[in-house]
Amino acid sequence: MSKQALHQSLWPSTFVLETNLASLVAEIRRALDDDAAKPRFIRTMHRFGYRFVGQVDEPPMTAVQTPSAAKYWLVWDLRHVPLAEGSHIIGRGADASVWIDATGVSRHHARILIDGGDATLEDLGSKNGTYVAGERVTNPHRLRDGDQIRLGSVVVTFQIPRVSVATETVS
């Protein structure tokens, strides 16, 4: 992937020094115990960008796959983040399951809990607040499809995709 494409994906509409990308790749390599000189996962393509060179082992497809009861998404800019059953921390922290790199977002800004078909949003004591439809979230707030969530200055949309039972026939 080219450096330009990576910058556009990671930091859209933001000026970031080129060294930030190199630092991020170095951090990923440290986490993966990868070596730039003898890469197992990320190879530097000099004057272009980076290439994934790791081996991918895909599990065999099963004859019957059961869809999950509900699927949820957080959408902002060009990103779509799936939310499965469980707890999802939103923030700038390295341990956040939904990572938003924006200075107005706290490291552990908010949490979305998916439990048995319900989605609940809580503010985690963030500095700039969490809002749904312009109202500050001070208690757990049940999310509905299309809810606009403001985390500091970042706005994300909570979506519940419609499950289609049959394929429409086009004539």
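The following dialogue reads the confidence, one sheet and the nonpolar cores of a predicted model.

Mentor: Residues are numbered from 1 along each chain as its sequence is written. In this predicted model, local features need pLDDT of at least 70, side-chain atom pairs count only at pLDDT 80 or more, totals for chains, interfaces and linings use all residues, and side-chain values use heavy atoms, with hydrogens and water left out.

Trainee: Over which residues does pLDDT stay under 50?

Mentor: Where pLDDT (the predictor's confidence in each residue, from 0 to 100) is low, predicted coordinates should not be read in detail. Here that range is residues 65-70, with zero contacts (heavy atoms within 4.5 Å) beyond four places in sequence. The chain's mean pLDDT is 86, and 90% of its residues reach 70 or more.

Trainee: In what order do the six strands of the open sheet lie?

Mentor: Strands of a sheet pair through backbone hydrogen bonds, either parallel or antiparallel. Strands are DSSP runs (E, at least two residues), numbered from the N terminus; pairing requires at least two bridges found by DSSP. The order is E4-E3-E13-E12-E9-E10, with antiparallel pairing. E4 (79-83) and E10 (135-136) each have a single partner strand, so one side of each is left without a neighbour in the sheet.

Trainee: Which residues have the most contacts inside the largest nonpolar core?

Mentor: In soluble globular proteins, nonpolar side chains tend to be buried together. A nonpolar core joins buried (under 20% relative accessible area, 1.4 Å probe, protein chains only) Ala, Val, Leu, Ile, Met, Phe, Trp, Tyr and Cys residues through side-chain atoms within 4.5 Å. This core has 23 residues, and Leu74, Leu83, Ile100, Ile112 and Ile149 have the most contacts inside it.

Key. Helices (H or I, at least four residues) and strands (E, at least two) are DSSP runs, numbered from the N terminus. Buried means under 20% relative accessible area, exposed over 50%, partly exposed in between (1.4 Å probe, protein chains only).
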